[in-house]
Amino acid sequence: MTTQSTQLKPFIDALEKSGIVSREHLDGLQFQGVNGESFSQALIRQEIISETDLLRFWAREAGFVVKESFTEAEVSSGPIRDIPIHFLKKNAMFPISLDNKKLLVAISDPLHLEASDQLRTMLGCDQMEVVLSPSAEIIAAINQAYGQVSNGAEHIIQDLDEDEGFIAEIEEQSEADLLDETSEAPIIKLVNHILSQAVHYQASDIHIEPYQNDLKVRYRMDGVLYDILNLQKRLHPAVASRVKILAGLNIAEKRVPQDGRIQIRIGNREIDLRVSSLPTAFGERLVLRILEKDLRVLNLQEIGLASANMALLKKLIRISHGIILVTGPTGSGKTTTLYSALNEINTPDKNILTIEDPIEYQLNGIGQMQVNSKIGVTFASGLRSMVRQDPDVILVGEIRDQETAEIAIQAALTGHLVFSTLHTNDASGAITRIIDMGIEPFLVSSSVQAILAQRLIRTLCPKCKQEIDPGLIQEEVLDQEDVNFDGPVFTATGCDFCMNTGYKGRSGIFEFLQVTETIQSLILKTSESNVIRKKAREEGMLTLRQDGVQKVLQGLTTLDEVFRVTQV
């Protein structure tokens with residue numbers, strides 16, 4: 001060890017005496033104390049001791065309480081509003097509560113005494129109680145807490161109002177954490193706030209919309225747009241320019257649509273933003289689609305299928321050949337369902353290939369190909385190349401034309417299992433659409449195994465949903481079969497947890513049409529979707545609305561929500 005402060009000697013002696021660190025390791029430690037690194041951090045960085053063992057040592061030798069994790073209430077109520085985030089991250093400390101000038105703070109290193117005193121001074125505390133927590137848990141709590149500070153926009157807008165001569169700074173795109181951004185430029189702070197809050201509220205899209213007299217910022221959450229900010233119209237050029245700079249777009253060109261992407265990090269989350277600009281009468285409208293890189297692909301059991309249909313789908317996705325179609329409008333969760341199915345059958349003995357536009361999530365063990373029309377890579381050309389790669393399973397992002405449909409059906413008839421999507425309103429309509437593309441009915445009937453139509457419904461907020469009398473909805477669902485009114489029925493109310501919407505999260509409702517021998521025979525006679533739909537219902541198929549009503553009676557959603565996403 002090159003330097004050894006006399007203040008550290010009792011700590012070093014205790015470590016050696018405990019037997020968890022040998023004298024040989026301590027003598028070999030390179031510790032200079034530079035860049036704010038403490039002796040404990042040097043021990044961990046050089047893998048002389050693990051952080052877990054070090055926390056246990058402090059608990060045993062000095063009587064510290066070790067707190068392994070933080071509750072959501074502790075994170076959301078922590079007194080962090082006026083403390084710089086970089087100070088807390090640098091020193092790995094998180095203030096949990098402040099009550100009558102008594103501070104409870106979690107730290108990862110008791111040797112950071114000076115930083116603890118600084119924090120106590122910042123918060124004006126008389127007393128301070130310290131608990132120990134892993135540094136990763138502390139950093140995660142800091143990121144989450146700062147993401148929940150939601151009134152930052154008002155302060156930023158106030159800065160803009162006070163600075164009439166503001167200029168939007170042009171900076172290179174950075175991989176730095178957006179929560180650590182310390183730039184004083186109000187426009188940069190405002191755009192960073194809009195992005196970080198959208199991620200915090202789990203929005204899927206950000207809309208920046210100029211109108212004649214104002215600029216609106218809206219988030220799409222659980223499939224519904226909500227007004228978030230109403231800004232002065234004069235801010236629009238600067239906000240649009242800042243977003244376009246981040247996305248690598250031409251800020252001088254405002255007359256034609258442009259597309260780009262932004263890669264950012266917010267806390268410990270990697271975010272990919274697809275940016276689209278569109279010229280309108282009052283300026284460029286921007287839409288940012290939010291895709292989280294590390295977002296977990298749902299298990300098939302989590303998408304919301306009824307147990308009987310789930311068992312059938314699990315059986316069908318393991319057959320050797322055929323086509324399985326998922327239909328529905330844009331944003332109805334088709335890709336998520338297909339990814340879940342692929343995840344279910346993704347084993348080392350299968351060669352699975354996909355062609356998508358765009359590739360939304362990376363799937364381990366699966367070859368994924370991006371459509372690129374600029375160089376001639378279309379669904380049809382990509383699919384034609386894929387069948388020469390000896391695949392067992394193929395996913396085609398969407399069947400858009402006759403050529404793609406023909407190749408997909410040929411692949412299915414020659415021993416491949418093909419998954420794909422179509423934009424139709426219901427399951428039976430998919431058959432009509434494929435035949436209308438010019439595919440012979442006998443090819444459709446012999447290749448298509450099942451069609452899954454779906455919609456996404458918002459699920460009730462677990463913290464504020466209220467039970468109501470089932471009789472209030474009974475008359476509205478009398479046309480549904482097999483309705484059991486024994487269970488509780490709930491209505492949406494609204495609270496802070498769900499942003500007063502009454503809903504939190506989404507689930508799927510489904511219409512599962514299996515192409516049985518009866519349906520096959522019917523397809524050969526007619527492509528009329530209503531006839532096929534009627535026969536499928538006779539065989540037990542639940543419509544989208546019927547499946548939605550079942551979820552109402554399970555206490556998952558409301559009848560209004562089911563009616564919103566299904567057709568009469």
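Reader: Does Asp547 count as buried or exposed?
Author: This is a predicted model, in which local features need pLDDT of at least 70 and side-chain atom pairs count only at pLDDT 80 or more, whereas totals for chains, interfaces and linings use all residues. Residues are numbered from 1 along each chain as its sequence is written, and side-chain values use heavy atoms, with hydrogens and water left out. The class rests on relative accessible area, with buried meaning under 20%, exposed over 50% and partly exposed in between (1.4 Å probe, protein chains only). With a relative accessibility of 5%, Asp547 counts as buried.

Reader: With which residue does the side chain of Asp547 meet in a salt bridge?
Author: A salt bridge requires a side-chain nitrogen of Lys or Arg within 4 Å of a carboxyl oxygen of Asp or Glu, and the N to O distance for this pair is 3.5 Å. The two residues lie four apart in helix H21 (residues 544–553), a separation of about one helical turn; helices here are DSSP runs of H or I with at least four residues, strands are runs of E with at least two, and both are numbered from the N terminus. The partner, at 5% relative accessibility, also counts as buried, and this partner of Asp547 is Lys551.

Reader: Which residues do salt bridges that share partners join into one network?
Author: Besides the pair in H21, salt bridges with shared partners link three residues into one network. Its members are Glu209, Arg218 and Arg285.

Reader: How far apart in sequence are the parts that the pair of Lys102 and Glu129 ties together?
Author: The side chains of Lys102 and Glu129 meet in a salt bridge with an N to O distance of 4.0 Å. Lys102 is partly exposed at 39% relative accessibility, and Glu129 is likewise partly exposed, with a relative accessible area of 38%. Because Lys102 lies in strand E2 (residues 102–107) and Glu129 in strand E3 (residues 127–132), the pair ties together parts whose separation is 27 residues.

Reader: Which are the edge strands of the open six-stranded sheet?
Author: The sheet has antiparallel pairing and runs in the order E6-E5-E4-E9-E8-E7, where two strands pair if DSSP finds at least two bridges between them. An edge strand pairs on one side only, and the two that do so are E6 (224–232) and E7 (258–266).

Reader: At about what angle to E9 does helix H11 run?
Author: Angles run from 0 to 180 degrees between N-to-C directions, with axes fitted as lines to C-alpha atoms, for helices over the stretch in contact; contact means heavy atoms within 4.5 Å. Helix H10 (residues 186–200) lies across E4, E5, E6, E7, E8 and E9, running at about 25° to E5. Helix H11 (residues 236–246) lies across E4, E5, E6, E7, E8 and E9 as well, and its angle to E9 is about 40°.

Reader: Within what arc do the buried residues of helix H19 fall?
Author: In H19 (residues 517–525) the buried residues are Ile519, Leu522 and Ile523. Seen down the helix axis, they line one face, because the directions from the axis to their C-beta atoms fall within a limited arc. On the other side of H19, Glu517, Leu524 and Lys525 are exposed, while the buried residues pack against H16, H17, E18 and H20. The arc for the buried residues is 105°.
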